[in-house]
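Me: I would like to go through this model and ask, for each label attached to it, on what grounds that label rests.

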Amino acid sequence: MSAYTALTAAGYRAQVRDKTTVFFTFAFPLIFLVVFGLIFRGRDVEQSGFSYLSYTAAGVLSWGVANAAVFGTGFTLMQWRADDILRMIRMSPAPLASVIGSRYVLALGVGLVQSVLFVGVAMLPGFDLVPASRWPLLVPVMVLGITTFLLLGVIVGSIADTPESVAGIANFLMLPMAFLSGSFFPLDAMPDWLQKISLVMPLRYLNDAVSAALTGRGDLSDIGVGCAGLVAFAVVLGAVAARVFRWTKTS
Amino acid sequence: MSSTPPPTDHGDRPAVAVGDVTKRYGDRRAVDGVSLEVRRGEFFGLLGPNGAGKSTLVEIMEGLRKADSGSVTVFGESPWPRNTALLPRMGVQTQSSAFFVRQTVHEHLRTVAALFGADRGAVDATLDAVGLGGRHDVRVDSLSGGQRQRLAIASALVHGPELIFLDEPTASLDPEGRRDLWEVLRGLKAAGRTIVYTTHHLDEAEALCDRVGILVAGRLVVTDAPQHLIGTFGAASRLLVPLGRIDERKAASLPGVDGVTVQGGHLVLETRATGRVLAALDPLTGLDGVQTRTPSLEDVYLDITARQARAPLATDNQEQQA
């Protein structure tokens with residue numbers, strides 16, 4: 001068995017055996033969908049002609065996937081360092097590509113299940129989401145989004161040494177970002193300067209791209225700009241992650 | 001004072017060679033000019049008080065840390081930076097919570113084995129060797145302290161390394177568990193493996209180690225075989241004579257007696273000439289109930305560490321270079 005296969009299998013078992021985290025990873029975005037669905041029932045966003053729900057669905061899905069990537073990666077990395085798992089990996093000849101690759105594939109798997117489940121529920125009667133014909137573009141968009149937020153998770157997990165501080169830092173980053181990048185409320189409804197602030201947040205680009213791919217809001221260039229923004233953030237976050245990464249607690 | 005007996009391995013390179021290694025943390029020298037060779041097949045014990053720099057020195061040998069100055073080779077190669085050609089030949093025990101979460105014992109060790117490219121058969125064999133053969137399907141978080149310790153050791157052994165680093169491997173084991181582990185360690189040594197380990201159990205170091213090194217405040221004060229160390233250090237033996245057999249002054253005047261104290265129902269005679277004192281005692285008191293305590297590694301260790309604490313610089317440099 002290769003290191004990659006073994007680590008992926010162990011990571012998969014760890015994931016599915018943690019029922020609470022499984023529930024919140026997959027149910028949380030759905031709860032938000034229901035809440036926003038009830039609040040904005042039947043209303044349209046001014047000028048755009050799209051329903052609030054279709055707007056919110058894309059935003060909540062982006063946020064849910066990004067959140068899972070940050071928290072999942074941050075917690076695992078912090079725990080691995082605290083438990084000396086990282087040290088053991090460091091002292092094994094396993095190629096780092098297989099270690100990183102296994103975590104990457106697990107994160108992509110979580111994002112895939114989240115997306116399928118979420119879109120499936122959003123298409124049920126009552127929510128009535130109709131995916132746009134270019135929905136397959138969601139796949140590259142989500143891969144880029146998960147990559148970007150996974151790297152943010154590496155930074156959080158490298159800085160934090162306790163589960164509490166992982167949760168604290170990740171929430172501090174992700175919650176304001178969700179509101180300021182238009183995941184929960186349409187950016188159109190916000191003042192100009194707030195819309196400008198959203199441009200320095202990676203979630204804004206994921207929102208725009210997911211929204212364009214899933215609900216057909218905007219055109220292909222919105223997807224292109226969103227992806228370009230995500231790539232740019234991935235490069236910056238990746239560079240920071242490589243700098244702050246620590247193998248052991250003391251070095 | 002020490003140490004390196006002539007090489008017996010006919011030109012074979014040592015398993016570990018450390019030359020004048022220094023490591024600073026801020027102003028503090030955690031490791032201060034340490035030179036040391038561990039021969040192949042040797043069981044080497046690194047002793048010293050907490051904070052003496054044992055862990056740092058071991059981590060430098062493992063290649064987990066870079067020395068500020070000095071040279072380190074393992075099987076003739078530098079372990080720093082991460083040397084993936086060397087790593088499969090080394091086994092490093094991590095702390096006893098270094099387990100993949102929510103896995104069973106077997107799943108955990110299987111994953112570790114895969115990291116090292118070891119085959120699955122090795123997993124079962126290693127679990128049997130450390131006495132976890134019947135616990136394959138127990139979750140790692142349900143293991144007792146001693147079982148966790150064994151699994152941590154199994155994680156260092158599963159890929160059959162030639163050189164094994166163990167950090168206080170018997171710390172949380174009960175006496176039976178300790179003896180069981182001693183057998184495992186002796187088996188590894190008999191199989192020709194090289195073992196470097198740290199411990200606070202000096203009786204254990206005396207029983208297991210070919211040589212020990214005593215580290216005090218970052219400096220290697222002495223390296224020697226335990227028995228030789230005890231002999232050359234000239235620590236006194238103690239003869240325990242039940243009280244009332246002989247009075248204190250008379251005992252003190254016996255030939256070969258260096259000192260007399262009263263401890264818990266016994267008159268304790270310190271001597272470096274046990275035979276002579278016993279011969280003198282026999283006609284006076286008889287030898288019934290007289291007990292002999294030979295000096296142990298612990299006596300020598302406490303003596304050395306206390307002396308280092310009293311007289312820090314002047315003497316050790318000589319000892320170290322000797």
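The exchange below takes the labels one after another and sets each against its criterion.

Me: What makes a feature admissible in this account, and how are residues, chains and ligands numbered or lettered?
Reply: This is a predicted model, in which local features need a pLDDT of at least 70 and side-chain atom pairs count only at pLDDT 80 or more, while totals for chains, interfaces and linings use all residues. Residues are numbered from 1 along each chain as its sequence is written, and chains are lettered from A and ligands numbered from 1 in the order in which they are written.

Me: What confidence does the predictor give chain B, and where is the pLDDT below 50?
Reply: pLDDT is the predictor's confidence in each residue, from 0 to 100; chain B averages 87, and 92% of the residues score at least 70. Over residues 1-10 of chain B the pLDDT is below 50, and this stretch has 13 contacts beyond near neighbours in sequence, a contact being a pair of residues whose C-beta atoms, placed from the backbone, lie within 7 Å. Residues 313-322 of chain B also have a pLDDT below 50, with 11 such contacts in the model. For the model, the scores are ipTM 0.90 and pTM 0.85.

Me: Which residues of chain B touch chain A, by number and by kind?
Reply: By the contact criterion, 26 residues of chain B are in contact with 23 residues of chain A. Helix α2 (residues 105-115) of chain B gives the most to this side of chain B, with six residues. The residues on that side divide into 12 nonpolar, eight polar and six charged, where Ala, Val, Leu, Ile, Met, Phe, Trp, Tyr, Cys and Pro count as nonpolar, Asp, Glu, Lys and Arg as charged, and the others, Gly among them, as polar.

Me: Why is α9 of chain A called mostly covered, and how does its span compare with the expected one?
Reply: A residue is buried if 20 or more other C-beta atoms lie within 10 Å of its own, exposed if 12 or fewer, and partly exposed in between, with C-beta atoms placed from the backbone; 14 of the 14 residues of α9(A) are buried, and the helix is therefore described as mostly covered. The expected span is 1.5 Å times one less than the number of residues, and α9(A), at residues 202-215, reaches 20 Å from its first C-alpha to its last, close to the 20 Å expected. After α9(A) comes G216(A), whose phi is positive, near 75°.

Me: Why is G259(B) called exposed?
Reply: G259(B) has 12 other C-beta atoms within 10 Å, and so meets the criterion for an exposed residue. Its place is in strand β11 (residues 257-263) of chain B. By contrast with this single residue, the figure for the whole of chain B is that 43% of its 322 residues count as buried.

Me: How are the helices and strands of chain B identified, and how many are there?
Reply: Helices (H or I, at least four residues) and strands (E, at least two) are DSSP runs, numbered from the N terminus; chain B comes to 11 helices and 13 strands.

Me: What makes β1(B) and β2(B) a pair, and which strands stand at the edges of their sheet?
Reply: Two strands pair if DSSP finds at least two bridges between them, and seven bridges join β1 (residues 16-25) to β2(B), so the criterion is met, in the antiparallel sense. Among the facing residues, K23(B) stands opposite V31(B) in β2(B), and V16(B) has V38(B) as its bridge partner. The two strands form a hairpin with two residues between them, and G26(B) in the turn has a positive phi of about 65°. β1(B) also pairs with β4(B), antiparallel over five bridges, and T22(B) stands opposite S69(B) there. The open sheet has the order β2-β1-β4; β2 (28-38) and β4 (69-74) of chain B stand at the edges, each with a single partner strand, so one side of each is left without a neighbour in the sheet.

Me: What pairing does the sheet of six strands in chain B have?
Reply: That open sheet has the order β5-β6-β7-β3-β8-β9, with mixed pairing. Within chain B, β3 (residues 43-47) and β8 (residues 211-216) pair in the parallel sense over four bridges, and F44(B) stands opposite R211(B).

Note on methods:
Two residues are in contact if their C-beta atoms, placed from the backbone, lie within 7 Å.
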